Structure formats: structure tokens, C-alpha cells
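Thanks for coming, everyone. Please have the model open in front of you, and follow along as I go.

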Amino acid sequence: MSSAVAAQSNEELKRYFLADQESRSQENLKNKIFPKLKDEIGRRIFVFEAISNGGLVTAEDYFYASIILQHTNLEYVGEHLKSMGNENHLLAHFLAKRAFELGHENGAWLMAATYNRYLENVGIDLSKYGLNHKNNKLLANDETITDTDRIEKGLIPIARKEEVQ
């Protein structure tokens, strides 16, 4: 049994994840209560510390950390919303990938969501380069786009051939 399977999930990270989710609850949004920037930054700093201290072990840990980074704040630049830290979306993708590799039941969904969020924030065509998922399998939106095409565009490859269904 791998150490990631036998290990206990990071309970403090789970609390940060739950706080992240609560700040985005339908009830809060309906009441125009939005996540506070200070809280968002605090959660991201906790994730960075957990990464640097080896605090991510289980598929759940990687999933929770990815979700928190996926929620990096947006700000208006002119008339368009842009990420305050698109590198966080890219890191969220790699954390989601690890959750997927460790068997998280929503790993493929999160891999696609984080990759697409990253692409969206750098202005890349999602219909061409984006990802989708089905039955926890990762799918390319446009199957004619190869990893070589992605690399030439300055993007990360999505997966090894055998991972893409």
C-alpha cells in the first residue's frame, strides 16, 4: 500500500478548504457576501506552506489545495476580469493532476477545471486547447491538438497519451 493511501489527510487543510467553500456558498452569494481578500490570501499562504513543508500527502490533500488555489481572486483590468495570480491556477492544475494520479474521485474534473481556468486567464481558446472530463477520465476538447501543439503554443502538455481517453 502506498504511503499516500495509508496516510491521514491534513485536517487543518481540510478546515481551510471548508472555509473556502463556505465563503462561496449559494446563500452567501445570494446575500451579496463575497469572499474577503484577506481570508483568501491567508488560505493560499497556508497551501504554499503546506506544499513547502510536505503537508500534502493524500489525494484529498492535493484536491483541497488545488481548489483553494483555483479560487485565486480576480480583478478588473479595464473591462475584463483577470486573475490576480495566474501562476496559482497553473500550480492548482499540477496539484489536481497529483490528486488524479492518487485516485481522487473528482481528479479528472479538477484537472480540466484548473487547466481551463489557466488557459482562460491567458486568453487561449478553450474550444481548441481546453479539457473536459467524463467518468473521471480526462478528455481533450479538440482531439486533433497534440501535446506538441500545446508545447509550441507555450502550454503544458495535458497528459501522457495513455491518460487521455
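Start with H89. Is it buried or exposed? H89 is buried, because its relative accessibility is 0% and the cut-off for buried is under 20%. Keep in mind that this is a predicted model. H89 sits in helix α6. Its side chain makes a polar contact with the side chain of N86, at 2.9 Å. N86 is buried as well.

Now look at the whole of α6. The helix runs over residues 86-101, which is 16 residues. From first C-alpha to last, α6 reaches 23 Å. The expected value, at 1.5 Å a residue, is 22 Å, so the two are close. The buried residues of α6 include A92, H93, L95, A96, A99 and F100. Just past the end of the helix comes G103, with a positive phi of about 95°.

Next, the charged residues of α6. Side chains of opposite charge can pair when their charged atoms come close. Which residue does K97 pair with? K97 forms a salt bridge with E101, and the closest N and O atoms are 3.8 Å apart. R98 also forms a salt bridge with E101, with 3.3 Å between the closest N and O atoms. Count along the helix. E101 and K97 are 4 residues apart, so about one helical turn separates them. R98 and E101 are 3 residues apart, again about one turn. Here is the general rule: an α-helix has 3.6 residues a turn, so residues three or four places apart point the same way. How covered are these residues? E101 is partly exposed, at 39% relative accessibility. R98 is partly exposed at 34%, and K97 is partly exposed at 22%.

Let's move to another salt bridge. In the whole structure, a search finds 7 salt bridges. One of them joins the side chains of D20 and R43, at 3.9 Å from N to O. D20 lies in helix α2 and R43 in helix α4, so this pair ties together parts that are 23 residues apart in sequence. Both D20 and R43 are buried. D20 and R43 also belong to a network of salt bridges, linked with R24 and E40.

Stay with α4 for a moment. Helix α4 covers residues 37-52, and L37 is found in it. L37 is partly exposed, with a relative accessible area of 41%. Which residues join L37 in a nonpolar surface patch? They are I41, I45, F48, I51 and M84, and the patch is about 470 Å².

Last stop, the strands β3 and β4. They run antiparallel, and 4 bridges join them. H133 stands opposite L138, which is in β4. The two strands form a hairpin with 2 residues between them.

Look at the loop between β3 and β4. N135 is there, and N136 is there too. Most residues other than glycine have a negative phi. What is the phi of N135? It is positive, about 50°, although N135 is not a glycine. N136 has a positive phi as well, near 55°. N135 counts as exposed, because its relative accessibility is 68% and exposed means over 50%. N136 counts as partly exposed, at 26%.

One recap before we stop. H89 is buried in α6, the D20 and R43 pair ties α2 to α4, and N135 sits exposed in the hairpin turn.

Definitions and conventions. Residues numbered from 1 in each chain as written. Predicted model: local features only at pLDDT ≥ 70, side-chain atom pairs only at ≥ 80, totals over all residues. Heavy atoms only, no water. Buried < 20%, exposed > 50% of the residue type's maximum accessible area, 1.4 Å probe, protein only. Patch = residues over 30% accessible without salt bridge, like charges linked within 9 Å, V, L, I, M, F, W, Y side chains within 5 Å. Areas by Shrake-Rupley, 256 points an atom, 1.4 Å probe, with all protein chains shown as cover. Salt bridge = Lys/Arg side-chain N within 4 Å of Asp/Glu carboxyl O. Polar contact = N/O pair within 3.5 Å; in protein donor to acceptor, adjacent residues only side chain to side chain. Pairing = 2+ DSSP bridges.
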